[in-house]
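Subject: Structure handover

Hello,

Here is the structure we talked about handing over. Please open it alongside this message; my notes follow below it.

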Amino acid sequence: SFAVQKFYTSKSAQKTIEKRTDLPARITMSEVAKHNKRDDLWIIVDGKCYDVTRYVEHHPGGWLPMVNLGGKDATDAFANYPPARV
């Protein structure tokens, strides 16, 4: 199982996220697989689960690569494509 990490949160969104109670402390791959849509997107990177829904529209490669990896382990793709500074 994986712990859900909060990712790409602006200061204005931080208050809203802190109030969220719908994210479980531990989740399974079958749960992650349910979150594979543009408006509800989770990925696994290095054994950690990230809710990247808010980042999809800001991804430099567009939303499609993110959605293609949504609900899956994206460790290999993440390690191979972004520049080292990411």
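I begin with one residue on the outside. Lysine 34 counts as exposed because its relative accessibility is 56%, over the 50% cut-off. Please keep in mind throughout that this is a predicted model.

Lysine 34 has a salt-bridge partner in glutamate 31, with 3.4 Å between the closest N and O atoms. Glutamate 31 is partly exposed, at a relative accessible area of 24%. The side chain of glutamate 31 also makes a polar contact of 3.1 Å with the side chain of histidine 35.

How many salt bridges does the structure hold? There are two. Besides the pair just described, glutamate 57 and arginine 38 meet through their side chains, at 2.8 Å from N to O. Glutamate 57 sits in the loop between strand 4 (48-51) and helix 3, while arginine 38 sits in the loop between strand 2 and strand 3, so this bridge ties together parts 19 residues apart in sequence. Arginine 38 is partly exposed, with a relative accessibility of 37%.

Now the chain as a whole. The protein chain has four helices and four strands, and along the sequence they come in the pattern β-α-α-β-β-β-α-α. Of its 86 residues, 29% count as buried. The chain exposes about 6,000 Å², and carbon and sulfur atoms supply 53% of that area. Taking contacts between residues at least 6 apart in sequence, 56% join residues at least 24 apart.

Two loop residues are worth a look together. Histidine 35 is in the loop between helix 2 (29-33) and strand 2 (36-37). Is histidine 35 buried or exposed? It counts as buried, because its relative accessibility of 11% is under the 20% cut-off. Not counting residues up to four places away in sequence, histidine 35 touches Asp40, Leu41, Trp42, Gly70 and Gly71.

The last of these, glycine 71, lies in the loop between helix 3 (63-69) and helix 4 (75-80). Glycine 71 is buried too, with a relative accessible area of 8%. Its contacts, leaving aside neighbours within four places in sequence, are Val32, Ala33, His35, Asn36 and Trp42. The C-alpha atoms of glycine 71 and isoleucine 43 are 5.4 Å apart, although their positions lie 28 residues apart along the chain when counted as a separation in sequence.

That leaves the nonpolar cores. In soluble globular proteins, nonpolar side chains tend to be buried together. The largest nonpolar core here has nine residues: Leu41, Ile43, Val45, Tyr50, Val52, Tyr55, Val56, Met66 and Ala74. Strand 3 (residues 40-45) gives the most to this core, three residues. A second, separate core has five residues, among them Ile27, Trp42, Ile44 and Cys49.

One member of the largest core, alanine 74, is in contact with Ile43, Ile44, Val45 and Leu69, leaving aside neighbours within four places in sequence. Trp42, from the second core, is also on the contact lists of histidine 35 and glycine 71.

If you want a place to start, look at the loop with histidine 35 and then at the loop with glycine 71.

Regards

Notes
Residues are numbered from 1 along each chain as its sequence is written. This is a predicted model: local features need pLDDT of at least 70, side-chain atom pairs count only at pLDDT 80 or more; totals for chains, interfaces and linings use all residues. Side-chain values use heavy atoms; hydrogens and water are left out. Buried means under 20% relative accessible area, exposed over 50%, partly exposed in between (1.4 Å probe, protein chains only). A polar contact is a pair of N or O atoms within 3.5 Å; within protein, one must be able to donate a hydrogen and the other to accept it, and residues adjacent in sequence count only if both atoms are side-chain atoms. Contact means heavy atoms within 4.5 Å. A nonpolar core is a set of buried Ala, Val, Leu, Ile, Met, Phe, Trp, Tyr and Cys residues joined through side-chain atoms within 4.5 Å. Accessible areas come from the Shrake-Rupley method with a 1.4 Å probe; for residues, only the protein chains shown count as cover. A salt bridge is a side-chain nitrogen of Lys or Arg within 4 Å of a carboxyl oxygen of Asp or Glu.
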